[in-house]
Amino acid sequence: MENEKVYSEIPYDKKVKHYNTSKMPKYQLGFFTFLIYALSKILMIGQKYKVEKFDMDDIKGPYILLSNHMYFVDFYLNAIATFPKKVYNIATVDGYYRRPFLMEIIGCMCKRKFTTDPDLIKSIENVLFKKKGIMCMYPEARYTPVGTTAILPDSLSQLIKRMNVPVVVMLHHGNYLHTPFWNYRKPRKVPLYTTMRCVLRPEEIEKLSAPEIQERIVSAMQYNEYKWQKEQGIEITEPFRAEGLNKILYQCPNCLTEHKMESEGSILYCTHCGKKWEMNTLGELCALEGETEFSHIPDWFEWERENVRKEVESGEYYFEDEVDVFSLPSCMKFQDVGKAKLTHSKDGFIIEGEYNGKKYRIRRPVSGMYGVHIEYDYCYVRPDDCIDVSTSNDSLYCYPTKKDVVTKISFAAEELYKFKMKDRLERRREAQLRALP
């Protein structure tokens, strides 16, 4: 019987259409270039910001623009900094939500998070060599959760080597502090500072190997917002400055309990052991009683990552939960797919459920995902945390019932991938040694 078949994708009705992400970008008319710039300037009225350019005098285009990613204000600043050049952006499918026509006419390219898309290479070549435009990418592929550089894909250097055009890095400072990912609904009064710097020219790209190019890019894209805040002496005096911090600092360093952290006002605290920390106006944490384990927020964050890494390496990591699933096959409507079981382990992400009376099982193996997209307080479906597990033609937004788990899942996706790649490399080396005479 048909309903005994287990589908490898959501068994939608025939009327549900999938957005075609292989579309070539449209040429951006000068009118839209100016309109994007003008709207960005208007939206930045009242916000203190500064843009500085370095080693850019001879860079006219086309070129690849790599930007760090903190919040939507990044797009406004990018438009202001690059005007009057025509900039073509890679955007995610939810960035197209209810406005695909608008995104298309300004030359955007649609991509699903953490998936392999060979058509994207053709679109990038089209922008650089036919339209002679600026190809803007956000290689971190997500808003930074803690104000530091996220993992960058190894394929980035291979792309740069293939295109052999100048590479410019745009670094934003203050954007994260202004609207932190874990509490973006309450902006803070923070000055913004953006730099543009050419870090690679074609003659250098020809000489350097892909690993050397990757090292250059990773180095150029390093940032730490809490360190920058302290160096600049920027005081954030809003009384709610720590609210939502428990979403990223989910494990108590005092009792080691996970997912029992809460926050209120400027206080972060553990409901299991009762320990409390205050976030001061310079973004540092101080225990109200006893030892301050981590005054620097990114240090706490990386300590959590290290704990997840140990779980992965020991084989102990495993996550399972019942989730509410909302999918976005097209760009116009989220589909309520109902409840499903989500598991995450060394076997990757597996989503198992039933829709339209038919069972489905969707699996994304570890080797195909160097990271996963997570959202805090997602605005398009419902204001809760979720995990976006995408396939080549669909995006599944999974809402766990368990509290403050998406950050750990994000860590685990990255560490599982690193462990898998390390194991694969070691096996390859062993095979090469065995093959020696």
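The following legends describe close-up views of a predicted model of one protein chain.

Residues are numbered from 1 along each chain as its sequence is written. In this predicted model, local features need pLDDT of at least 70 and side-chain atom pairs count only at pLDDT 80 or more, whereas totals for chains, interfaces and linings use all residues; side-chain values use heavy atoms, with hydrogens and water left out.

**Figure 1. Overview of the chain, with 11 helices and 19 strands.**
Helices (H or I, at least four residues) and strands (E, at least two) are DSSP runs numbered from the N terminus. The radius of gyration of the chain is 22 Å, which agrees with the value near 22 Å for a compact globule of 437 residues. This radius is taken over C-alpha atoms, and the globule rule is 2.2 Å times the number of residues to the power 0.38. Along the principal axes, the C-alpha atoms fill a box of roughly 65 × 60 × 60 Å. Of the 437 residues, 55% count as buried, where buried means under 20% relative accessible area, exposed over 50% and partly exposed in between (1.4 Å probe, protein chains only). Among contacts with a separation of 6 or more, 68% join residues 24 or more positions apart; a contact means heavy atoms within 4.5 Å.

**Figure 2. Surface and charges of the chain.**
The accessible surface comes to about 20,500 Å², and carbon and sulfur atoms account for 52% of it. Areas come from the Shrake-Rupley method with a 1.4 Å probe; for residues, only the protein chains shown count as cover. The chain has 64 positive and 61 negative charges, and the mean positions of the two sets are 6 Å apart. Lys and Arg count as positive and Asp and Glu as negative, while His and the chain ends are not counted. Each charge is placed at NZ of Lys, CZ of Arg, CG of Asp or CD of Glu.

**Figure 3. Strand S19 (residues 395-400) and its two described partners, S13 and S18.**
Strand S19 is mostly covered, with six of its six residues buried. Ser395, Tyr397 and Tyr399 point one way from the strand, and Leu396, Cys398 and Pro400 point the other way. Strand S13 (residues 319-327) pairs with S19 in the antiparallel sense over five bridges; pairing requires that DSSP finds at least two bridges between two strands. Within this pair, serine 327 has leucine 396 as its bridge partner. Strand S18 (residues 386-390) is also antiparallel to S19, over four bridges, and aspartate 388 is matched there with tyrosine 397. Four residues separate S18 and S19, which form a hairpin.

**Figure 4. Antiparallel pairing of S14 with S13 and with S15.**
S13 and strand S14 (residues 335-345) pair in the antiparallel sense over nine bridges. Glutamate 320 has threonine 343 of S14 as its bridge partner. S14 in turn pairs with strand S15 (residues 348-355) in the antiparallel sense over six bridges, and serine 345 is bridged to glycine 348 of S15. S14 and S15 form a hairpin with two residues between them.

**Figure 5. Helix H2 (residues 73-82) and the cis peptide bond at proline 84.**
Helix H2 is mostly covered, and eight of its 10 residues are buried. These buried residues are Val73, Asp74, Leu77, Asn78, Ala79, Ile80, Ala81 and Thr82. Proline 84 is placed in the loop between H2 and strand S4 (87-92). A cis peptide bond, with omega about 10°, joins phenylalanine 83 to proline 84.

**Figure 6. The loop between strands S2 (49-54) and S3 (63-67).**
Proline 62 is located in this loop and is joined to glycine 61 by a cis peptide bond with omega about 0°. Aspartate 55 is found in the loop between S2 and S3 as well. Although aspartate 55 is not a glycine, its phi is positive, at about 55°. Aspartate 55 counts as partly exposed because its relative accessibility is 45%.

**Figure 7. Two buried residues, alanine 141 and histidine 178.**
Alanine 141 lies in the loop between strand S6 (134-137) and helix H5 (155-163). This residue is not a glycine, yet has a positive phi of about 60°. Alanine 141 has 18% relative accessibility and therefore counts as buried. Histidine 178 is situated in helix H6 (residues 175-178) and, at 14% relative accessibility, also counts as buried. Apart from neighbours within four places in sequence, histidine 178 is in contact with Gln47, Lys186, Pro187, Arg188, Val190 and Leu192.
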